[in-house]
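Reader: I would like a close look at one part of this model. Please take the ligand and its surroundings, then place them against the rest of the chain.

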Amino acid sequence: MKKEFVVIGLGRFGGSIVSELVRLGADVMAIDSHSERVDEYAKIATQAIIADTTDEEVIKSLGIRNFEHVIVAIGENIQASILTTLILKELGVKQVTVKAQNDYHAKVLKRIGADHIIHPERDMAIRIANNMMSNNVLDYLELSDEHSIMEIKASERIAGFSIKDLDIRANYGINIVGIKRDETILISPNAEEKILLGDVLLVIGADVDINRFVKKTMG
Ligand code: ATP
């Protein structure tokens, strides 16, 4: 059976959730009080509806209580976000995920029974800062939400081994696309190339895979 979701609030965050859920094969009812926002998602979402979700009768008439999971992505209008969440929980929606604007907002949401409270901007900032603080990651270029090119300082653990010895592509699903050594850069190094201490590896791949490589092979 297809998974079904309701997304309320089609700003940048809510809109991206709609697109991604649809891409992953879910049915999505997308709701916003502004017709332009709804028009934008009419072709993407399974249903796109203009409605003010602070009105309990509206929520009832749309049958939202029959959905397992509702995402409230109303941003700036904190009052509307709180009221919508309250109505959804009172009507018995099992999973209500709400985007919080700040800590006070989050506190209220918790009190009224929101099941998951998310802080997308803060969480993304934490992830990026963590990435940047990793001692061996010198720089990175985000290619997508999940893929990057990173500059990683070669540690003692891998110095002296060739790319083939480490079998990086098979073991981690990532590729070394270049090696910076002193003032030179070796583009597309071949598998026999030995990594030297102090080399900077230019690695491309999924963030999770690169992080796995960094953790496993770096000192
Ligand atoms: P983002 O950063 O994701 O764009 P934002 O914090 O800027 O988020 P807003 O644009 O403030 O988000 O709100 C998201 C959407 O929520 C807006 O399109 C707005 O029309 C919608 N919205 C606000 N109040 C209601 C409501 N009562 N019912 C339905 N939708 C609403």
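Author: Six nonpolar, eight polar and six charged residues make up the shell around the ligand. Keep in mind that this is a predicted model.

Start with the shell. It holds 20 residues. The closest are Arg12, Phe13, Asp32, Arg37 and Asp52.

Next, the polar atoms. Arg37, one of the closest residues, has a side-chain N or O atom 2.4 Å from an oxygen atom of the ligand. Lys99 also points a contact at the ligand: an N or O atom of the Lys99 side chain is 3.2 Å from a ligand oxygen. Ser33 takes part through its backbone. A polar backbone atom of Ser33 is 3.2 Å from a nitrogen atom of the ligand.

How much of the ligand does the protein bury? The protein buries 86% of the 640 Å² that the ligand exposes when taken alone.

Now the annotation. An unreviewed UniProt entry marks residues 2-118 as "domain: RCK N-terminal". Helix accounts for 40% of the chain over residues 2-118, and strand for 23%. The C-alpha atoms at the two ends of this stretch are 24 Å apart.

Turn to the rest of the chain. Two side-chain pairings deserve a look there.

The first involves Ser148. This residue is found in strand E8, which covers residues 147-153. Is Ser148 buried or exposed? Ser148 counts as buried, because its relative accessibility is 0% and the cut-off for buried is under 20%. The Ser148 side chain makes a polar contact with the side chain of Asp207, at 2.6 Å.

The second is aromatic. A search of the whole structure finds one aromatic pair. Tyr172 and Phe213 form that pair, and the geometry is edge-to-face. The ring centres are 5.2 Å apart, with 75 degrees between the planes. That angle fits the label, because planes over 60 degrees apart count as edge-to-face.

Where do the two rings sit in the chain? Tyr172 belongs to helix H8, residues 168-172. Phe213 belongs to helix H9, residues 207-217. The two residues are 41 apart, and the pair links distant parts of the chain.

Both partners can be checked for burial. Tyr172 has 11% relative accessibility and so counts as buried. Phe213 has 0% and therefore counts as buried too.

Note on methods:
Residues numbered from 1 in each chain as written. Predicted model: local features only at pLDDT ≥ 70, side-chain atom pairs only at ≥ 80, totals over all residues. Heavy atoms only, no water. Phe/Tyr/Trp six-rings, centres within 6.5 Å; stacked < 30°, edge-to-face > 60°. Helix = DSSP H or I, 4+ residues; strand = E, 2+ residues; numbered from the N terminus. Buried < 20%, exposed > 50% of the residue type's maximum accessible area, 1.4 Å probe, protein only. Near = heavy atom within 4 Å. Polar contact = N/O pair within 3.5 Å; in protein donor to acceptor, adjacent residues only side chain to side chain. Areas by Shrake-Rupley, 256 points an atom, 1.4 Å probe, with all protein chains shown as cover. Nonpolar A, V, L, I, M, F, W, Y, C, P; charged D, E, K, R; others polar. UniProt positions renumbered as here; feature names shortened; annotations may be inferred.
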